[in-house]
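Trainee: Could you take me through one small part of this structure up close? I'd like to see where a residue sits and what is around it.

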Number of protein chains: 2
Amino acid sequence: MAEVSELVASRLQTAIPAEWSVPETLRSSMEYSLMAGGKRLRPLLVVAAAEALGGSRDAALPVACAVEMVHTYSLIHDDLPALDNDDYRRGKLTNHKVFGEAMAILAGDGLLTHAFHSITQAGRRYGVPAEQVLAIVEDLARYAGPSGMVGGQVADMEGEQGLTELEQLRYIHEHKTADLIVFSVKAGGRIAGAADEQLKALEQYGRSVGLAFQIQDDILDLVGDERKLGKKTQSDVKQQKVTFPYFLGLEASRAEVEMLTAAAKAAIGGGIVPQPERLLDIADVLVRRDH
Amino acid sequence: MAEVSELVASRLQTAIPAEWSVPETLRSSMEYSLMAGGKRLRPLLVVAAAEALGGSRDAALPVACAVEMVHTYSLIHDDLPALDNDDYRRGKLTNHKVFGEAMAILAGDGLLTHAFHSITQAGRRYGVPAEQVLAIVEDLARYAGPSGMVGGQVADMEGEQGLTELEQLRYIHEHKTADLIVFSVKAGGRIAGAADEQLKALEQYGRSVGLAFQIQDDILDLVGDERKLGKKTQSDVKQQKVTFPYFLGLEASRAEVEMLTAAAKAAIGGGIVPQPERLLDIADVLVRRDH
């Protein structure tokens with residue numbers, strides 16, 4: 001998996017062609033956040049899902065880069081003073097702290113827009129049929145848009161005034177986090193020409209993995225090791241942020257993660273996904289992670 | 001043309017399906033700016049270009065709506081305190097003045113993302129071949145992205161520290177304004193299945209019209225009628241903004257607009273565009289406009 005991460009990182013570095021006329025500071029600002037590291041979970045899922053169905057890694061890479069661009073833009077905008085007002089992310093200064101607010105807004109806009117360009121290259125360069133590429137475009141717009149990630153972001157922001165029900169929190173996690181993960185595995189499937197029932201299985205896998213991932217984040221914020229996480233723990237408590245452990249308690253939250261992981265693995269089992277090993281591994285790694 | 005404007009406005013009102021689960025304030029914020037009026041020039045150009053080549057108006061409408069969403073998102077982000085810090089646009093409070101900065105950022109993100117969904121509907125609902133729809137997606141990402149509109153926006157922002165050459169100003173106008181106009185006419189052409197040489201003609205038309213449009217804006221800001229414009233004139237001078245009249249003087253700027261308009265009309269003349277009348281009219285209307 002480290003191999004795929006490196007491959008994605010190297011493709012991201014040249015994602016915006018050098019010969020394109022892009023203002024230097026804009027290019028630097030986009031690159032700064034894109035190359036700031038992170039787990040590259042979403043690109044990994046695109047590639048793993050494509051290969052699980054016998055699809056080509058090369059054809060999956062432009063889409064893997066696209067989803068990382070969308071994830072990165074969402075972090076840049078999320079960190080802005082008007083939103084979470086964060087100075088650091090992954091131990092580095094946030095984009096607006098380095099480049100200023102205006103440039104951070106525009107770098108985010110540029111990354112979001114360019115993600116769609118990257119997707120089209122799966123067709124242009126690697127011969128994925130136009131119908132399939134177009135379905136990926138439609139999915140990304142849906143899962144990252146007003147009824148997807150952006151909607152989750154708004155619900156999260158409004159929820160800061162006080163959530164009273166677990167269902168509201170589930171809505172936030174589903175859209176703010178899980179939707180882009182669902183997109184990733186479905187897009188990988190589409191690259192490989194997945195049948196409808198296979199796409200449905202991947203969607204269920206992604207939905208469960210995405211929710212488990214976010215609950216695990218909540219848990220680590222509560223009881224994780226600051227050195228391993230590379231950030232302060234207990235930030236949710238300090239910000240009075242409502243989380244799964246807040247509603248359910250720590251043990252029930254852990255049980256929920258286990259249950260969701262099992263559900264994710266079951267969804268792609270039974271032969272519907274021909275080579276599910278890597279996807280199964282990812283589900284296990286995510287639940288066992290300590291950072 | 002008023003008829004097309006109304007059609008676009010009514011489609012925009014239902015652009016995000018009512019049955020989609022979108023947080024209410026996000027929906028209101030996006031609608032507020034989308035329905036705030038304006039000339040609807042870009043949607044008009046999409047439809048006019050499609051019809052000039054014998055394409056279907058229905059198939060052009062999802063793309064016409066998409067370009068208006070992109071234009072609207074760019075205005076919302078442009079008006080933010082970190083950028084132009086404008087309180088009013090078209091006589092109404094700007095988005096962040098009504099909904100707050102965080103929501104304005106997210107409403108812009110939502111509109112930009114949803115624009116790509118809207119484009120896919122030209123294929124999904126009106127049978128435009130996937131290859132053509134995908135080319136429209138690729139074009140939008142390019143013309144609105146880091147080497148297009150967002151790049152122009154950054155150059156404009158950086159230029160506020162003092163432009164010294166007309167070429168820099170031309171770069172800003174070409175990308176910040178003309179690129180999305182070029183996209184509009186090319187996309188209309190693609191809806192109609194235009195041949196490469198027709199797309200090239202439309203591109204030249206769009207490039208010239210777009211630049212003329214922006215220079216005319218500069219001129220109106222200097223000598224226009226405040227009541228007709230619905231905004232204060234002389235704002236460029238007051239903000240010490242460098243414009244075409246600043247570099248060339250008023251008369252030479254007017255001559256430039258005339259020249260560009262003639263070039264635009266010439267580009268689509270000579271039979272290469274079968275029914276160019278509406279596009280020719282639009283070029284004339286834009287140069288004669290007083291608001």
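Mentor: Sure, let's start with Ala194(B), which lies in the loop between helix H9 (166–191) and helix H10 (196–223) of chain B; helices here are DSSP runs of H or I with at least four residues, numbered from the N terminus. Keep in mind that this is a predicted model, where local features need pLDDT of at least 70, side-chain atom pairs count only at pLDDT 80 or more, and totals for chains, interfaces and linings use all residues. Residues are numbered from 1 along each chain as its sequence is written, chains are lettered from A in the order in which they are written, and side-chain values use heavy atoms, with hydrogens and water left out.

Is Ala194(B) buried or exposed? Ala194(B) has a relative accessible area of 16%, so it is buried (buried means under 20% and exposed over 50%, with partly exposed in between, using a 1.4 Å probe and protein chains only). Setting aside residues up to four places away in sequence, Ala194(B) touches Leu53(B), Gly189(B) and Leu199(B), where contact means heavy atoms within 4.5 Å. As for Val287(B), 93 residues away along the chain, its C-alpha is 27 Å from that of Ala194(B).

Now hop over to Arg42(B), in helix H3 (residues 41–52) of chain B. The side chains of Arg42(B) and His71(B) are joined by a polar contact of 3.3 Å; that term covers a pair of N or O atoms within 3.5 Å, and within protein one must be able to donate a hydrogen and the other to accept it, while residues adjacent in sequence count only if both atoms are side-chain atoms. Beyond its neighbours within four places in sequence, Arg42(B) is in contact with several residues, including Val67(B), Leu180(B) and Phe213(B).

Methods
Helix = DSSP H or I, 4+ residues; strand = E, 2+ residues; numbered from the N terminus.
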